[in-house]
Amino acid sequence: MASAAVAGGRSVNQAITKPPQSLWVDAWHRLSRNKAAMFGLALILLFFFLAIFGPMLAPHDPLKINSGKGFLPPAWMPAAWVSTNNVGDPQFFLGTDSIGRDVFSRLIYGARVSMVVAIIPTIFITFFGILIGIVAGFFGGTADNLLMRFTDIVYSFPDILFFVVVMFALRDTPIGDWGNGLILLFGALALVNWVGVARVVRGSTLSIKEKEFVEAARSIGTSDRNIMQKHILPNILSPIIIITAFAVPRLIIAEAVLGYLGLGLRPGTSSKEFFVTSWGSMLLEGQTAINAQPWMLLAPAIAVALVVMGFTFFGDGLRDALDPRMRGAG
Amino acid sequence: MGRYLVKRSVTLLFVLLGVSLLVFGFVRLIPGDPAVVMLGERATPENIARVRTQLGLDKPIYEQYLIFIANALRGDLGTSVLRQEPVTQEVIRRFPATIELAFGAMIIATLLGVPLGILSAVKRNSWFDASSMVFALTGVSMPVFWLGLMLIFLFAVMLHWLPSGARLDANAQYEPITNFILLDSLLQGNLTLFAQGLRHLILPAIALATIPMAIIARMTRSSMLEVLNQDYIRTARAKGLRERKVILSHALRNALLPVITVVGLQVGILLSGAILTETVFSWPGIGRWLVDAIYARDYPIIQGVTLFIAIIFVVINLVVDVLYTVVDPRVRLE
């Protein structure tokens with residue numbers, strides 16, 4: 001992208017006098033010069049900040065019903081968007097919903113769900129994806145065949161359909177109750193998404209295991225486990241990081257979709273709880289109120305867009321930085 | 001080729017078997033008696049017994065599965081519990097709406113995506129290239145339902161240019177023949193109806209088209225860039241051909257092959273995207289029906305429609321893969 005010319009920009013002299021740099025230092029240099037990626041990173045950090053310090057930042061209790069103050073337009077609107085007599089109240093920056101809850105505070109609390117979804121299922125899919133991919137690629141044979149057939153099945157089925165069916169079936173079981181349904185949500189998301197990581201890991205393992213240094217390690221009697229851990233894994237970290245970075249926005253979107261369909265997690269009923277609402281369910285509420293208080297829809301929509309954009313730009317920059325040959329591809 | 005087809009078809013059978021088990025299994029995992037859940041706590045015992053028999057719940061589970069599969073093979077996807085309609089018949093009635101939407105989206109995606117990609121490649125590294133590729137990147141990453149909501153807000157709520165949902169106005173006079181509204185209205189010579197159907201189609205089709213369009217644009221661009229570096233392009237220019245002719249008849253023709261595949265692959269994405277687009281726009285296709293059935297807990301519909309969508313999805317993927325080899329003989333099948 002924009003940083004295309006950066007890496008080749010050093011003069012010959014500098015290249016000679018400069019001490020050798022590790023891949024990671026080098027990659028960070030490239031990444032930090034990529035404006036879009038840094039913008040993405042800033043957005044990501046901002047939303048993590050909102051998620052963690054939500055209760056301190058939110059001006060109101062996100063669940064407090066302010067009777068008589070329903071459907072207030074945002075603070076900067078002198079009169080209503082569409083024919084109501086309500087006037088914006090500076091107390092409620094983005095206005096209120098049908099029962100007078102503060103949209104801005106709900107938005108801040110909603111960030112938590114998206115940010116948690118960005119981390120925990122990602123850890124799961126990376127862990128299992130690496131484990132299964134590396135074993136399948138290294139040993140080949142039955143394990144490999146099984147993995148690839150399973151991959152075929154997952155790829156030939158629309159994942160949204162899978163999420164919907166799983167969430168629908170298990171929501172009312174005890175599993176669906178754990179942690180406001182969060183455990184079930186993570187499980188469903190992880191179950192589909194580890195496959196992409198496993199595929200990439202398997203492919204990279206296949207090409208690395210033919211290299212001379214692996215043969216050398218094997219010839220001095222290194223165990224299979226050690227070869228995988230110390231020789232193969234460090235060499236396939238770049239593709240792993242890249243595929244993980246692109247998995248995150250997909251997970252966030254999947255959660256928002258389920259929330260929008262009313263199949264997401266169950267929001268807590270007291271503001272002491274960690275999850276009070278999610279952007280997905282705010283979008284659902286917003287669509288029904290699209291004429292009365294458009295900011296109920298616009299606020300979560302903008303938030304989802306920003307966070308997805310942040311992760312996508314950052315992922316794109318990461319790919320360019322870690323694997324310059326891939327620049328602009330895909 | 002023959003061996004490949006056999007191998008793929010066997011895989012396809014396994015996939016469908018897996019999907020059917022999955023769907024069947026999950027619906028049975030739902031706690032409580034499905035009959036009671038569907039009819040409510042106050043249902044009479046006779047009604048509950050009737051529904052249990054209708055769903056085959058009084059038989060052992062493996063027998064239920066075999067019956068489900070045997071019926072599905074005969075094209076019988078069960079009967080909706082709440083409305084007592086055969087699921088297959090309703091799928092046939094609603095599927096044209098989904099196809100019409102997906103087809104409209106495909107046309108928009110191709111007609112905009114290909115020229116966008118060509119222009120970006122020809123004007124490489126210009127501001128046009130940069131901004132259209134940022135647009136493509138954002139387009140890929142934005143969820144369909146998000147785009148749909150934003151389009152409704154902008155063009156239906158704020159500007160009042162286009163309707164916010166459904167296939168026709170509420171008071172429209174429409175006698176379905178094929179259930180493809182655009183086709184039927186032309187067959188009946190009813191241009192007003194055609195225009196109305198088109199107006200209703202525009203927003204959902206754009207929402208559904210955005211992701212495929214972005215993918216097509218990126219693919220066209222990279223494929224064009226590769227071709228433009230070939231020797232025969234230099235030869236064509238050296239002959240003194242006009243740039244326009246070089247681009248359109250020498251470069252584009254060769255660059256289109258990978259693009260065609262990508263267009264084909266989008267069909268699957270369109271189908272799963274349609275589930276959400278239809279929900280956002282109240283579009284009466286099978287995706288919307290599935291979501292409604294989930295809220296209503298109408299198990300036979302959920303089971304049948306999921307299986308139907310999965311079948312369409314896998315079959316299309318197979319057809320695209322095979323077509324790929326027909327279009328580009330360099331691709332080897334193993």
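Here a colleague asks a modeller how some descriptions of this predicted model are reached.

Colleague: Let's begin with helix α12 of chain A. How do you know that its reach is close to what is expected?

Modeller: Helix α12(A) covers residues 237–260, which is 24 residues, and spans 35 Å from its first C-alpha to its last. The expected value at 1.5 Å a residue is 34 Å, and the two numbers are close.

Colleague: What makes α12(A) mostly covered?

Modeller: Of its 24 residues, 18 are buried. A residue earns that word if 20 or more other C-beta atoms lie within 10 Å of its own.

Colleague: And what does G262(A) do just after α12(A)?

Modeller: G262(A) takes a positive phi of about 80°.

Colleague: Let's turn to a helix pair in chain A. Why is α3(A) called oblique to α14(A)?

Modeller: Their axes cross at roughly 135° and come within 7 Å. Angles over 145 degrees would count as roughly antiparallel, and 65 to 115 as roughly perpendicular. An angle of roughly 135° fits neither range, so α3(A) is oblique to α14(A). The crossing is left-handed.

Colleague: Which residues make that contact?

Modeller: From α3(A), they include A36(A), F39(A), L43(A) and F47(A). From α14(A), L306(A), F311(A), F314(A) and D316(A) are among them. By class, the contact of α3(A) with α14(A) has 14 nonpolar, three polar and one charged residues.

Colleague: Now chain B. Why is α7(B) called roughly parallel to α11(B)?

Modeller: Helix α7(B), residues 144–158, and helix α11(B), residues 243–280, pack at about 25°, with axes 9 Å apart. Angles under 35 degrees count as roughly parallel, so that is the word for α7(B) and α11(B). Their crossing is right-handed.

Colleague: Where do α7(B) and α11(B) meet?

Modeller: V144(B), F145(B), G148(B) and L149(B) in α7(B) meet G273(B), L276(B), T277(B) and V280(B) in α11(B). This contact has five nonpolar, three polar and no charged residues. Gly counts as polar, so G148(B) and G273(B) belong to the polar group.

Colleague: How many helices and strands does chain B have?

Modeller: Chain B has 13 helices and zero strands. Its C-alpha atoms fill a box of roughly 85 × 55 × 40 Å along the principal axes. Of its 334 residues, 37% count as buried.

Colleague: Is H160(B) buried or exposed, and how do you know?

Modeller: H160(B) has 9 C-beta neighbours inside 10 Å. The limit for exposed is 12 or fewer, so H160(B) counts as exposed. H160(B) lies in the loop between α7 and α8 of chain B, and its phi is near 55°, a positive value in a residue other than glycine.

Colleague: What about S282(B): buried or exposed?

Modeller: S282(B) has 12 other C-beta atoms within 10 Å. The exposed class takes 12 or fewer, so S282(B) is exposed. S282(B) is found in the loop between α11 and α12 of chain B. Its phi is positive, about 45°, although S282(B) is not a glycine.

Colleague: Finally, how many residues does each chain give to the contact between chain A and chain B?

Modeller: Chain A gives 35 residues and chain B gives 36. On the side of chain A that touches chain B, the elements giving two or more residues are α6, α7, α12, α13 and α14 of chain A. By class, that side has 27 nonpolar, five polar and three charged residues.

How values were computed. Residues are numbered from 1 along each chain as its sequence is written. Chains are lettered from A and ligands numbered from 1 in the order in which they are written. This is a predicted model: local features need pLDDT of at least 70, side-chain atom pairs count only at pLDDT 80 or more; totals for chains, interfaces and linings use all residues. Helices (H or I, at least four residues) and strands (E, at least two) are DSSP runs, numbered from the N terminus. The expected span of a helix is 1.5 Å times one less than its number of residues. Two residues are in contact if their C-beta atoms, placed from the backbone, lie within 7 Å. Axes are lines fitted to C-alpha atoms, for helices over the stretch in contact, and angles run from 0 to 180 degrees between N-to-C directions. A crossing is left-handed if the near helix is turned anticlockwise from the far one by less than a right angle, and right-handed if clockwise.
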